Amino acid sequence: IVHPGSADEKVQNSNYAVYKADRCGVSAANNCYSHHARIKKVKQDYVMTLKVEVKHGMVTKFQPVSLGIGSISNLRFTKQACKDICPSQVHFQPLNQLKKRAQGSLRLRVPNANNHDRLFTVWFAFGVKNVPHSSTVSYALTEANSSTASSS
């Protein structure tokens, strides 16, 4: 699925999508990810940075718990221009693991969706050319954004 350059390149990029546990459509979490992974070669390993961006306060907890290709580290939360940003890094090798979907899990808390700390299983697909979005989630996020703007 991924079309990386040479395994010797120091920095590469890959688009990705996040699918539901049953792999039959995109996960609601897919709408929160940036869909652009930055992959950097560090000695014999690779470090991939994934980033989540959501409207400030919409998600009160976002914790990547696992990703089948390697260990997750450097989880940080910041606020920039009314958005909560959560980058994380995954350490893995070899690079060709990105050619197939990788199972992962996320712990989320989304009070507006009556989700109070649930663990979700998802599948990451790398090298996706046209990243799909969940229209239901996009609509819900648009409604939440417009109701917040009108109440301000």
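Strands here are DSSP runs of E that hold at least two residues, numbered from the N terminus. By that rule Q89 lies in strand β7. The model is a predicted one.

## Exercise 1. The chain as a whole

Task: State how many helices and strands the chain has, and in what order the elements run.

Solution. Begin with the count: there are 9 strands and 1 helix in the chain. Next, read the order from the N terminus: β-β-β-β-β-β-β-β-β-α. Then turn to burial, where a residue under 20% relative accessible area is buried. Buried residues account for 38% of the 152 residues. Last, take the contacts between residues at least 6 apart in sequence; 60% of them join residues at least 24 apart.

## Exercise 2. Strand β2 and its partners

Task: Find which strands pair with β2, and in which sense.

Solution. Start on the side of β1, residues 11-20, which pairs with β2 in the antiparallel sense over 5 bridges. In this pairing V11 stands opposite K40 of β2. Move on to β3, residues 45-55: β2 and β3 also pair in the antiparallel sense, over 5 bridges. Here V42 has D45 of β3 as its bridge partner.

Now sort the residues of β2 itself, which spans 36-42. A37, I39 and K41 form its covered face, while H36, R38, K40 and V42 form the uncovered one.

## Exercise 3. Two residues with positive phi

Task: Locate K43 and C82, and decide whether each is buried or exposed.

Solution. K43 is placed in the loop between β2 and β3. The hairpin of these strands has 2 residues between them. K43 is not a glycine, yet its phi is positive, about 55°. Its relative accessibility is 75%, so K43 counts as exposed.

C82 sits in the loop between β6 (78-80) and β7. It too is not a glycine, and its phi is positive at about 65°. With 57% relative accessibility, C82 is therefore exposed. The cut-off used in both steps is over 50%.

## Exercise 4. K51 in strand β3

Task: Describe the surroundings of K51 and say why it counts as partly exposed.

Solution. First, place the residue: K51 lies in strand β3. Second, apply the accessibility value; K51 counts as partly exposed because that value is 32%. Third, list its contacts beyond the neighbours within four places in sequence: Y16, C32, Y33, S34, I85, C86 and P87. Fourth, look at its side chain, which makes a polar contact of 3.4 Å with the side chain of E53. Finally, compare positions along the chain and in space: K51 and R38 are 13 residues apart along the chain, and their C-alpha atoms are separated by 9.5 Å.

## Exercise 5. Q89, D22 and P94

Task: Identify the side chain that Q89 joins by a polar contact, what the side chain of D22 reaches, and which residue a cis peptide bond joins to P94.

Solution. Take Q89 of β7. Its side chain and that of N74 are joined by a polar contact of 2.4 Å. Outside the neighbours within four places in sequence, Q89 is in contact with V47, M48, T49, S71, I72, S73 and N74.

Continue with D22, found in the loop between β1 and β2. Its side chain reaches the backbone nitrogen of C24 at 2.9 Å. The C-alpha atoms of D22 and T121 are separated by 8.9 Å, although the two are 99 residues apart along the chain.

End with P94, whose place is in the loop between β7 and β8. The peptide bond joining Q93 and P94 is cis, with omega about -10°.

## Exercise 6. The cavity

Task: Determine how many cavities of 30 Å³ or more there are, and what lines the largest cavity.

Solution. The count comes to 1 cavity of 30 Å³ or more. The largest cavity has a volume of about 50 Å³. Its lining consists of Y33, L50, P64, S66, L67, I72, S88, V90, S105, L106 and F124.

Assign these to elements: β4 (61-67), β7 (83-92) and β8 (102-110) each supply at least two residues of the lining. The most comes from β4, with 3 residues. Then sort by class, which gives 8 nonpolar, 3 polar and no charged residues.

Terms used: Residues are numbered from 1 along each chain as its sequence is written. This is a predicted model: local features need pLDDT of at least 70, side-chain atom pairs count only at pLDDT 80 or more; totals for chains, interfaces and linings use all residues. Side-chain values use heavy atoms; hydrogens and water are left out. Buried means under 20% relative accessible area, exposed over 50%, partly exposed in between (1.4 Å probe, protein chains only). Helices (H or I, at least four residues) and strands (E, at least two) are DSSP runs, numbered from the N terminus. Two strands pair if DSSP finds at least two bridges between them. On a 1 Å grid over the protein atoms alone, a cavity is a set of points where a 1.4 Å probe fits but cannot get out, and a pocket is an open set with protein on both sides within 12 Å along at least five of seven lines; lining residues have an atom within 4 Å of a point. Grid points are joined across faces, edges and corners, and a volume is the space filled by probe spheres set on the points. Ala, Val, Leu, Ile, Met, Phe, Trp, Tyr, Cys and Pro count as nonpolar, Asp, Glu, Lys and Arg as charged, and the others, Gly among them, as polar. A polar contact is a pair of N or O atoms within 3.5 Å; within protein, one must be able to donate a hydrogen and the other to accept it, and residues adjacent in sequence count only if both atoms are side-chain atoms. Contact means heavy atoms within 4.5 Å.
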